[in-house]
Amino acid sequence: VPIAGAVVVTTPQEVSLADTAKAIGMYKKLQINILGLVENMSYYVCPHCSERAEIFDHSGGQRLAAEMQIPFLGEIPIDIAVRLAGDAGTPVVKRAPDSAVGQAFMGLARNLAQQVSVAALG
């Protein structure tokens, strides 16, 4: 089966970034096109006061993508809506498309589609 490329997912924690850097190195060694990197659990927004908290640090994924010269596809926040939608069998982008997390996933999908299009041309 032909592979269009790999999407690498990390969290902003240093230990995850180190493991992700190794995975990126492996993909490069195997000559697998890396479509981009996603930072999961990037931040948390309190549903009561709307305060943003960067529980696991922040922007490590963006920094790693720049260092490894691969596209940064986006950051996904920690949000209970993702678990609730998943448990209900409905993707959060369908259940709550206008929510912050729904928009984060849609932005990620747009960025990924762009990278797949670029890879298809090359």
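Val 8 has Leu 37 as its bridge partner in β2. This is a predicted model. The pair belongs to the parallel ladder between strand β1, residues 6-10, and strand β2, residues 34-45, which are joined by five bridges.

**Strand pairing**

β2 also pairs with strand β4, residues 72-78. That pairing is parallel and runs over five bridges. Within it, Asn 40 has Ile 76 as its bridge partner in β4. A further pairing links β2 to strand β3, residues 52-53. Here the sense is antiparallel, with two bridges. Val 45 stands opposite Arg 52 of β3. The table sets out the three pairings.

| Strands | Sense | Bridges | A residue pair |
|---|---|---|---|
| β1 (residues 6-10) and β2 (residues 34-45) | parallel | five | Val 8 and Leu 37 |
| β2 and β4 (residues 72-78) | parallel | five | Asn 40 and Ile 76 |
| β2 and β3 (residues 52-53) | antiparallel | two | Val 45 and Arg 52 |

**The β2-β3 hairpin**

Six residues lie between the strands of the hairpin formed by β2 and β3. In this hairpin, Ser 50 takes a positive phi near 65 degrees. Arg 52, the partner of Val 45, also makes a side-chain contact with a ring. Its charged end sits over the ring of Tyr 43, 3.7 Å from the ring centre. Pairs between aromatic rings are another matter: the count is zero.

**Two cysteines**

Why do Cys 46 and Cys 49 form no bond through their sulfurs? The sulfur of Cys 46 has its closest cysteine sulfur in Cys 49, at 3.7 Å, which is too far for a bond. A disulfide needs the two sulfur atoms within 2.5 Å. The view from Cys 49 agrees: its closest cysteine sulfur is that of Cys 46, at 3.7 Å. The disulfide count for the model is zero. The two cysteines also have their own exposure classes. Cys 46 is buried, because its relative accessible area is 18% and the limit for buried is under 20%. Cys 49 is partly exposed, with a relative accessible area of 49%.

**Thr 10 in β1**

Thr 10 lies in strand β1. Is this residue buried or exposed? Thr 10 has a relative accessibility of 2%, so it counts as buried. Its side chain makes a polar contact of 3.0 Å with the side chain of Thr 20. Beyond its neighbours within four places in sequence, Thr 10 touches several residues, including Ser 16, Leu 17 and Thr 20. Leu 37, Val 38, Glu 39 and Asn 40 are also among its contacts, as is Gly 61. Of these, Leu 37 is the bridge partner of Val 8, and Asn 40 is the bridge partner of Ile 76.

How values were computed. Residues are numbered from 1 along each chain as its sequence is written. This is a predicted model: local features need pLDDT of at least 70, side-chain atom pairs count only at pLDDT 80 or more; totals for chains, interfaces and linings use all residues. Side-chain values use heavy atoms; hydrogens and water are left out. Rings of Phe, Tyr and Trp (its six-membered ring) pair if their centres lie within 6.5 Å; planes under 30 degrees apart count as stacked, over 60 as edge-to-face and the rest as tilted. A charge sits over a ring if NZ of Lys or CZ of Arg is within 6 Å of the ring centre and within 35 degrees of the ring normal. Two strands pair if DSSP finds at least two bridges between them. Helices (H or I, at least four residues) and strands (E, at least two) are DSSP runs, numbered from the N terminus. Buried means under 20% relative accessible area, exposed over 50%, partly exposed in between (1.4 Å probe, protein chains only). A polar contact is a pair of N or O atoms within 3.5 Å; within protein, one must be able to donate a hydrogen and the other to accept it, and residues adjacent in sequence count only if both atoms are side-chain atoms. Contact means heavy atoms within 4.5 Å.
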